[in-house]
Amino acid sequence: MRRPKLKKASKRMTCHKRFKIQKKVREHRRKLRKEAKKRGHKKPKKDPGIPNAAPFKEEVLREAEQRKQRLEELKQKQKLARQKDLEKRRKLQAKKNATEANKHPEEKESTMKLKAKSNTLLDKNSKKSFCRELKKVIEASDIVLQVLDARDPLGCRCSQVEQIITQSGGNKKLLLVLNKIDLVPRENLEKWLHYLKNEFPTVAFKSSMQLKDRSVQEKQLRKKRAHIDLSRGSMCFGSECLLKLLQAHCKTQDKAIQVGVIGFPNVGKSSIINSLKEVRVCNVGPVRGITKCMQTVHIDKQIKMIDSPSIIAAPSNSALALALRTTTDIEESGKLLDAVNAILKHCSKQQMILYYNIPDFRNSVEFLTLLAQKRGMLKKGGVPDTHSAAKLLLYDWTGAKVSYHSLLPASWSLSPHLTKEVVAEMQQGFNLEELAKDNMNTIKAVKYPNLASSIVFQSSGLTNGTIEENELTEGPSELENMETSEEGEDLTEDDQDNNEEEEAVEEESDIQISSKTNPAKLSVEDGSSEKQTAGEQSRTLSFNLDETTDQDDVYDFNTDYV
């Protein structure tokens, strides 16, 4: 039997009840007004200031200005006295610490150990820890995969790392993996494969971009789906070729092998491991330096992959190499501008205009301004945000978005850090003919961009890397910064009362000055100062946005023009 629908309660009421409620509300408000009138609560009147017709107005304003100067001088004296007190307290505290350290050497050793442990925990993001982890990966692996970006293979090679691997001994092999092959034209890819295979065995690879966690995959398998998504981003090419090569090496060695994956930032090290495992086991993303320590992933019973942090580019490299190969994102505006300038110098101007769909530009600042306007990156007042535009350009060029290709050297010559004996030793044990056939099958399966649509890029050559920790210079650790901030807080707790008194005195002086000045003149002066600050900001960012600011300042709104 079908259940009858219940009627909702009506909100209608009788007129008698409604008018009664309104009457009660009116009476309540009247009562509140009477009580407020008895208490004498009135709104504070605004200070109208000194009228223009008042006598001795200039003298009163001059006295207010002098009073303000005296308050500022007093404030400066108090600040100097406070600084002297802080210095004295620091010296006394240092003496106390020295005496306590001499009395209790055992306690000192324990505190030093605790600090060392905390430094190791907080130092995961430092460049020295990256070098340490990279050395561990190279030492632990039987085969090292150096991942190269197919758009700039020479710029992704590090001669120092290759030299360490080739000189380490112990039958350690080095393979080159040419990743992101779907972002370069097919003709350019074939030429680079032929060029690189003269030195090391090279595998063409296109990693999957849409892998998910195992828990997500299990949930999706439970649901019944009508079709399977086989989009280009989710497909991986070259994994069979690479696994075949590694499994063949396992058979020749008659043991399980460890494969280390190394390379510069954003070349796709973690993505290759995820593609071979067919599950997202390593964190990936467009941000540089996501992998901070070595991570082992079992592909099968015989092969274990080891993910590593990025190779650190040496400061002696060119501006282009530092822009594309640094381990952390560039935040300073000056360095960002240098990085953008280096990229624009090494590629065709006409192709950049066509790709980003912007008009002709004269320099990098103008290019960033046009790009920010095109993408809608505007600050307050419609000023183009060139800082965000520069970050966007670097993300495009380091990530898997922009299709560009670098030209090969005019003639092949063996790299100076390699010899013919080393090359023969590295190629020994691999079936190079079968590898070439598998690479051709991979090349045929991938969809490539058109040669005309791909941006021509001039590579800066091999990038120098720093492997030794002694070559790096680190700033103060996070623990030391935290300690100094805590000391500052402890020392300044006693001076909070003085600061509050000074703020109260400043507020009183500001109120007095505002009461003795003409409000109309102040508003005009504030408006002109705001125009000047806005003009200074836009002058640094844009090249033609402040042509009318001078004309606006010429007109005087206080005078009547007939």
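**Reading salt bridges by burial and sequence separation**

Student: Asp438 is buried, with a relative accessible area of 15%. Why does that value count as buried?

Tutor: Buried means under 20% relative accessible area, so the 15% of Asp438 qualifies. Keep in mind that this is a predicted model.

Student: Which side chain meets Asp438 in a salt bridge?

Tutor: The general test is a side-chain nitrogen of Lys or Arg within 4 Å of a carboxyl oxygen of Asp or Glu. Here Lys244 meets Asp438, at 3.8 Å from N to O. Lys244 sits in helix H8 and Asp438 in helix H16, so the bridge ties together parts 194 residues apart in sequence. Lys244 is partly exposed, at 39%.

Student: How many salt bridges are there by this rule?

Tutor: The count is 12.

Student: Is Lys180, which bridges to Asp149, buried or exposed?

Tutor: Start with the bridge: the closest N and O atoms of Lys180 and Asp149 are 3.8 Å apart. Lys180 lies in the loop between strand S2 and helix H6, Asp149 in strand S1, and 31 residues separate them. Lys180 is buried, with 10% relative accessible area. Asp149 is buried too, at 2%.

Student: Which residues are linked with Asp149 and Lys180 in a network of salt bridges?

Tutor: Arg151 joins Asp149 and Lys180 in that network.

Student: What is the N to O distance between Lys349 and Asp360?

Tutor: Their side chains meet at 3.1 Å. Lys349 is in helix H12, while Asp360 is in the loop between H12 and helix H13, 11 residues apart. Lys349 is partly exposed, at 37%. Asp360 is exposed, at 53%.

Key. Residues numbered from 1 in each chain as written. Predicted model: local features only at pLDDT ≥ 70, side-chain atom pairs only at ≥ 80, totals over all residues. Heavy atoms only, no water. Helix = DSSP H or I, 4+ residues; strand = E, 2+ residues; numbered from the N terminus. Buried < 20%, exposed > 50% of the residue type's maximum accessible area, 1.4 Å probe, protein only.
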